Amino acid sequence: MKARFLPCSLAVVILLSGYITIIPPTSANQALKIAQSIWKRFYSPAGGFSILMPGTPIQSQQKVNTKNGAVEVNIFTVERPQDEVKYTVSYIDYPEDYIEILKRNNLVEQAIDAGKKTALQNANGTLISETKISLGDYLGKEINYTKPGDKIIKHRIFLVEKRLYQVSAETTKKKQKYLTKSIMGFCDSFTLLPKNSNPI
């Protein structure tokens with residue numbers, strides 16, 4: 001994962017208690033390490049996934065009413081106001097009988113499309129592009145869209161057995177070009193944990 005570098009600082013001379021202390025300039029390698037240090041792999045054993053995030057996510061839950069009854073959305077978010085960006089992972093567990101109906105009638109892709117439509121409606125978003133993707137053997141979709149406030153979002157949706165995962169990064173159009181690699185790396189780093197795994 002690459003992040004933007006701050007320019008190397010010049011040597012700074014500080015007069016302190018009658019002594020002159022010279023602080024050496026930060027090298028490019030040191031700046032890279034500082035930039036990379038904010039990105040850590042976050043593990044959610046309960047959610048069955050891991051992902052690189054620039055900080056420890058805030059976890060929250062929401063109840064959402066669907067045609068199949070109320071479901072709980074588990075949300076993990078890291079916001080970086082200084083970069084005008086928000087990184088989010090969420091998941092919903094659907095009833096097993098609902099998933100069986102989807103599989104029996106070859107409606108898995110339609111369920112993913114329903115997740116896409118819901119995301120766009122909730123954001124009052126305008127679709128820019130959509131692409132079919134996969135996560136191992138599981139179907140998914142990536143959508144890119146804008147929403148009011150000059151925001152642009154990259155959003156991935158996967159249906160893994162009875163669980164619907166959503167991975168998204170939201171930033172401003174102004175900042176997007178500077179964060180393209182970080183956002184792509186965030187999305188690409190999403191992986192499923194082996195069942196019954198206990199990551200360190």
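These are my notebook entries on a predicted model of one chain.

**Ground rules**

I number residues from 1 along each chain as its sequence is written. Because the model is predicted, local features need pLDDT of at least 70 and side-chain atom pairs count only at pLDDT 80 or more, while totals for chains, interfaces and linings use all residues; side-chain values use heavy atoms, with hydrogens and water left out.

**Overall look**

I began with the secondary structure. The chain has four helices and 12 strands. These are DSSP runs numbered from the N terminus: helices are H or I with at least four residues, strands are E with at least two. Next I looked up burial. Of the 200 residues in the chain, 40% are buried. Buried means under 20% relative accessible area, exposed means over 50%, and partly exposed lies in between, with a 1.4 Å probe and protein chains only. Then I turned to contacts, meaning heavy atoms within 4.5 Å. Among contacts between residues at least 6 apart in sequence, 45% join residues at least 24 apart.

**F76 and S44**

I looked up F76 in strand β6. F76 counts as buried because its relative accessibility is 4%. Leaving out residues up to four places away in sequence, F76 touches F42, S44, F49, M53, P57, I58, Q59, Y87, T88, V89 and Y91. I checked one of these partners by distance. The C-alpha atoms of F76 and Y91 are 9.2 Å apart, with their positions 15 residues apart in sequence.

S44 was the next stop. S44 sits in strand β3, residues 40–44. At a relative accessible area of 6%, S44 is buried too. With residues up to four places away set aside, S44 touches F49, F76 and L193.

**P54**

I moved on to the loop between β4 and β5, where P54 lies. P54 is buried, with a relative accessible area of 6%. Its contacts, apart from neighbours within four places in sequence, are I38, W39, V78, R80 and Y87. I also took the C-alpha separation of P54 and F186. They are 132 residues apart along the chain and 8.9 Å apart in space.

**Helix α4**

F186 belongs to the buried set of α4, which also includes K175, L179, S182, I183, G185 and C187. Helix α4 covers residues 173–188, 16 in number. Its first and last C-alpha atoms are 21 Å apart, close to the 22 Å expected at 1.5 Å a residue. The expected span is 1.5 Å times one less than the number of residues. What happens at L179? The helix α4 bends there by about 75°. The bend is the angle between axes fitted to the seven residues ending at a residue and the seven starting there. The buried residues of α4 pack against β4 (49–53), β7 (85–93), β10 (151–160) and β11 (163–172).

**Helix α3**

I compared the span of α3 with expectation. Its end C-alpha atoms are 23 Å apart, which agrees with the 22 Å that its 16 residues should span at 1.5 Å a residue. V108, A111, I112, G115, K116, A119, L120 and A123 are the buried residues of α3. Their cover includes α2 (96–104), β8 (126–135), β9, β10 and β11.

**Largest pocket**

I then looked up the largest pocket, about 1,000 Å³ in volume. A pocket is an open set of points on a 1 Å grid over the protein atoms alone, where a 1.4 Å probe fits, with protein on both sides within 12 Å along at least five of seven lines; lining residues have an atom within 4 Å of a point. Grid points are joined across faces, edges and corners, and the volume is the space filled by probe spheres set on the points. Which residues lie nearest the centre of the largest pocket? They are G115, T118, A119, N122 and Q166, out of 32 lining residues. α3 gives the largest share of the lining, seven residues. β5 (58–66), β6 (69–80), β7, α3 (108–123), β9 (138–147), β10 and β11 each supply at least two. The lining divides into 15 nonpolar, 13 polar and four charged residues. Here Ala, Val, Leu, Ile, Met, Phe, Trp, Tyr, Cys and Pro count as nonpolar, Asp, Glu, Lys and Arg as charged, and the others, Gly among them, as polar.

**Positive phi**

Last, I looked at backbone angles. Most residues other than glycine have a negative phi. E84, in the loop between β6 and β7, has a positive phi of about 55°. E84 is partly exposed, at 29% relative accessible area. D150 lies in the loop between β9 and β10, and its phi is near 65°. D150 is partly exposed at 44%. Just after α3, N124 takes a positive phi of about 55°.
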